[in-house]
Amino acid sequence: MSNTTLLWITLIAAGLITYAFRLSFILLLGRIQLSPLVQRALRFVPPAALTAIIFPELLIRDGELAIGPNNPRLLAGLFAIVVAWRTKSILWTIVVGMVALWLLQWLM
Amino acid sequence: MATTNRSLTHLVKPSAPPSVQQEFWGGFKAVLPMMLGATPFGLIYGVLAVAGGLSPAMAQAMSVLVFAGSAQFITAQLVAAGAPSPIIIFTVAIVNLRHVLYSASLAPYLQHLRPVWKWGLAYLLTDEAYALVITRYHQTGHPGTPHRHWYLLGAGLGLWVCWQSSTAVGVFLGTQIPAYWSLDFAIALTFIAIVVPTLKDRPNVATALVAGVIAIAAVGLPYKLGLVVATLIGIVAGVGADRHE
């Protein structure tokens, strides 16, 4: 098997697995019943999954923890958190966060 | 049945539920600001994938097949590093495992739909679409508005078109976007904009803080396992805090 064929198979397998994950409960619910505890737990999926993505983006630089004023992403992220809290606007959060990051990078 | 619904809708105009078109375009419009985050992400992915050794057709095909930004970035890196296929597939599986949770979380809202809807909407279930749609569904509650699956379709298709076109531009642009533009940061900002306004009670705050701290502590784990571990422990923290209320 050529390298190209193998790579195509790899990509297709990765796609099928991802699709199976997305389809899993949407298709199975009704046949299987979720316990009340699981139903309550699912309410916390959005804050858990998204914060688990956000924190390392803000606090890890080059594989190391970077807490302090010399980390522009942390400072810009904190600005963005305030804007998100006050405006509830995705647009404004992105605009203010990116401009803050560029300014801080330029200043440092 | 459909005609009955429509005539009833006319009778009770003040509280009439959104129509199919209103739901679809509502989802599409809600996703527009998110495109500001997804577009540079897709651009950079396209550039990196080709730079890492994928053919343009493969780079674009991955956007169609996998349709998940972080998994695609990691795959491009692994291909560039010459990682063996089983490792690549395993890594994608771990990185995308959170979609099982998304699926379970949205399932109750989609249960009444025909299979063709379920198969179609599942394909469009990205981080962004999920976060946007579940927030709205939580607000409107059960049974919610009758055509709300169209909202998910509008949001999902909007993101799909955005992701495919930005990938294509990245692939064919071929030139490196300067790293100091830090465009990848826009994705984190998108998630901040979605999560922060939902942190209104103790269980949600506990979930977010615990998940965030664990994600930092577990950042060294291989295959991005830390993401899954942090999400699960965060959920446990939320349920625990809920019980103490």
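These legends walk through close-up views of a predicted two-chain model. Residue numbers start at 1 along each chain as its sequence is written, and chains are lettered from A, with ligands numbered from 1, in the order in which they are written. Because the model is predicted, local features need pLDDT of at least 70 and side-chain atom pairs count only at pLDDT 80 or more, while totals for chains, interfaces and linings use all residues.

**View 1. Chain A, helices plus a pair of strands.** Chain A has five helices and two strands; helices here are DSSP runs of H or I with at least four residues, strands are E runs of at least two, and both are numbered from the N terminus. Read from the N terminus, the order is α-α-α-β-β-α-α. The radius of gyration of chain A is 20 Å, whereas a compact globule of 108 residues would come in near 13 Å (taken over C-alpha atoms; the globule rule is 2.2 Å times the number of residues to the power 0.38). An automatic or database assignment splits chain A into domain 1 (1-33) and domain 2 (36-108), with C-alpha centres 30 Å apart.

**View 2. Chain B, helices and zero strands.** Twelve helices make up the element list of chain B. Its radius of gyration is 20 Å against 18 Å from the globule rule for 245 residues, so chain B is as compact as a globular protein of that length. The C-alpha atoms of chain B fill a box of roughly 65 × 45 × 35 Å along the principal axes. Of its residues, 48% count as buried, meaning that 20 or more other C-beta atoms lie within 10 Å of a residue's own (exposed is 12 or fewer, partly exposed is in between, and C-beta atoms are placed from the backbone).

**View 3. Where the two domains of chain B touch.** The assignment for chain B gives domain 1 (17-185) and domain 2 (199-245). Their C-alpha centres sit 23 Å apart. Eight residues of domain 1 of chain B and six of domain 2 of chain B form the contact, where "contact" is C-beta atoms, placed from the backbone, within 7 Å. On the domain 1 side, α5 (85-96) and α6 (98-110) of chain B each give two or more residues, and α5(B) has the largest share with four.

**View 4. The interface between chains A and B.** Here 73 residues of chain B meet 57 residues of chain A. Helix α6(B) brings twelve residues, the largest share of the chain B side. That side divides into 52 nonpolar, 18 polar and three charged residues (Ala, Val, Leu, Ile, Met, Phe, Trp, Tyr, Cys and Pro are nonpolar; Asp, Glu, Lys and Arg are charged; the others, Gly among them, are polar).

**View 5. Phe191(B) in the largest nonpolar core.** This core has 105 residues, and Phe191(B) and Ile192(B) have the most contacts inside it. A core is a set of buried Ala, Val, Leu, Ile, Met, Phe, Trp, Tyr and Cys residues joined through C-beta atoms within 7 Å. Beyond its neighbours within four places in sequence, Phe191(B) contacts Leu50(A), Ile53(A), Ile54(A) and Ala131(B).

**View 6. Helix α11 of chain B and its packing partners.** The buried residues of α11(B), among them Val210(B) and Ile214(B), pack against α3 (45-59) of chain A plus α10 (185-195) and α12 (225-244) of chain B. At 1.5 Å a residue, the 16 residues (202-217) should span 22 Å, and the end C-alpha atoms are indeed 22 Å apart; the expected span is 1.5 Å times one less than the number of residues.
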